[in-house]
Amino acid sequence: MGNVIFKILAVLLVCATFGFAVKSQLDAIDIAGINKVTAIDSNLTGSGVSIGLICRSDTYKDSFPQNDYRPDITHKCLTNSKIKFYDDEFIAGGTSNHSTQIASILVGSDANAFYPAMGNFSYKSAVPDAQLNVYEFWYFITEDVFSCQWPTDDLLAMSLGSSAESWWSRGIDAMVERYGFLVVAAVGNGTDAYDLPLYPAAGSNVLAVGVVD
């Protein structure tokens with residue numbers, strides 16, 4: 001999922017280099033079909049929906065995550081977003097550019113956004129009014145996957161995976177089979193025939209997202 005978001009962000013930057021005039025929304029949002037959905041019903045803003053975002057820490061010390069998995073909530077497009085963090089709290093939380101980009105696509109909003117090569121524009125993400133609960137990966141595995149417990153969220157999204165099926169990916173598959181909720185995960189962006197899909201997205205019960213060149 002994260003790699004797909006990087007593709008979208010790359011398009012945003014490419015569009016910016018053409019120096020578009022001030023506009024109500026970025027053209028690249030059409031890639032994800034967001035404008036088509038909001039055109040059907042402008043009230044589909046994610047209000048009342050809870051999204052669980054599973055993020056891996058960027059750094060580890062003695063195999064222990066350093067809790068630098070969080071979106072940067074000081075970013076202007078996230079200052080009014082509803083975001084909560086879940087981790088073991090043993091280490092002060094740090095920010096991750098990766099998760100910041102993902103969060104901005106999901107729940108970001110900025111009526112007075114600015115990019116130097118583009119000028120002013122109004123930015124609205126996919127579901128700006130949704131509640132975003134951001135879980136540190138191993139905290140989520142320990143608290144929810146070990147116990148096969150359904151999180152309180154309406155759906156889960158994870159921009160991570162492994163090329164080999166493992167106990168934790170099978171655990172996520174089992175959670176979905178038991179409770180029937182939606183999990184969206186990165187399957188990898190393959191460029192060669194031998195590139196392996198990533199688990200848990202390659203499992204039976206998870207919606208896989210990726211790009212093939």
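Start by selecting Asn67, which sits in the loop between strand S3 (64-65) and S4. The model on the screen is a predicted one. Asn67 is not a glycine, yet its phi is positive, near 60 degrees. Is Asn67 buried or exposed? With a relative accessible area of 0%, Asn67 is buried.

**The whole chain**

Now zoom out and colour by secondary structure. The protein chain has five helices and 10 strands. Of its 213 residues, 43% are buried. The exposed surface of the protein chain is about 11,100 Å², and carbon and sulfur atoms supply 54% of that area. Next, consider contacts between residues at least 6 apart in sequence: 68% of them join residues at least 24 apart.

**The open sheet**

Select the strands S4, S7, S1, S8, S9 and S10. These six strands form an open sheet in that order, with parallel pairing. Which strands are at the edges of the sheet? They are strand S4 (82-86) and strand S10 (207-209), each of which pairs on one side only. Going from one strand to the next, the twist averages 20 degrees.

In general, the strands of a sheet pair through backbone hydrogen bonds, and the pairing is either parallel or antiparallel. For a parallel case, keep S4 and add strand S7 (residues 131-136): five bridges join the two. Within this pair, Lys84 stands opposite Asn133 in S7.

Then show helix H4 (residues 137-145). Helix H4 lies across strand S1 (50-55), S4, S7 and strand S8 (155-158). The helix runs at about 90 degrees to S7.

**A hairpin**

For an antiparallel case, select strand S5 (residues 109-115) and strand S6 (residues 119-124). Five bridges join these two strands. How many residues does the hairpin use to join S5 to S6? The connection passes through three residues. Two bridge partners can be picked out here: Ala113 is matched with Phe121 in S6, and Phe114 is matched with Asn120 in S6.

**Two nonpolar cores**

In soluble globular proteins, nonpolar side chains tend to be buried together. Show the side chains of Leu53, Val107, Leu132 and Val134. These residues have the most contacts inside the largest nonpolar core, which has 20 residues. S1, H3, S6 and S7 each supply at least two residues of this core. Which element gives the most to this core? H3 does, with five residues.

Centre the view on Leu53. Neighbours within four places in sequence aside, Leu53 is in contact with Ile102, Leu106, Leu132, Asn133, Val134, Tyr135 and Ala157. There is also a second, separate core of 19 residues, including Ile172, Met175, Val176 and Ala201.

**Thr100 in H3**

Stay with helix H3 (residues 97-107) and select Thr100, which is part of it. Why does Thr100 count as buried? It does so because its relative accessible area is 11%, and the cut-off for buried is under 20%. Apart from neighbours within four places in sequence, the contacts of Thr100 are Arg70, Pro71, Asp72, His75 and Leu78.

**Ile34 in H2**

Move to helix H2 (residues 34-40), where Ile34 is found. Ile34 also counts as buried, at 11% relative accessibility. Draw a distance between the C-alpha atoms of Ile34 and Ser125. The two residues are 91 residues apart along the chain, and these atoms are separated by 7.9 Å.

**Cysteines**

Select Cys77 and Cys148. Cys77 is buried, with a relative accessible area of 6%. Cys148 is buried as well, with a relative accessible area of 15%. A disulfide is a covalent bond between the sulfur atoms of two cysteines. How many disulfides are counted in this model? The count is zero.

Keep Cys148 on the screen. Cys148 lies in the loop between H4 and S8. Its phi is positive, about 50 degrees, although Cys148 is not a glycine.

**Last stop: a cis bond**

Finally, select Tyr199 and Pro200. The peptide bond from Tyr199 to Pro200 is cis, with omega near 15 degrees. Pro200 belongs to the loop between strand S9 (182-186) and S10.

Notes. Residues are numbered from 1 along each chain as its sequence is written. This is a predicted model: local features need pLDDT of at least 70, side-chain atom pairs count only at pLDDT 80 or more; totals for chains, interfaces and linings use all residues. Side-chain values use heavy atoms; hydrogens and water are left out. Two strands pair if DSSP finds at least two bridges between them. Helices (H or I, at least four residues) and strands (E, at least two) are DSSP runs, numbered from the N terminus. Axes are lines fitted to C-alpha atoms, for helices over the stretch in contact, and angles run from 0 to 180 degrees between N-to-C directions. Contact means heavy atoms within 4.5 Å. Buried means under 20% relative accessible area, exposed over 50%, partly exposed in between (1.4 Å probe, protein chains only). A disulfide is a pair of cysteine sulfur atoms within 2.5 Å. A nonpolar core is a set of buried Ala, Val, Leu, Ile, Met, Phe, Trp, Tyr and Cys residues joined through side-chain atoms within 4.5 Å. Accessible areas come from the Shrake-Rupley method with a 1.4 Å probe; for residues, only the protein chains shown count as cover.
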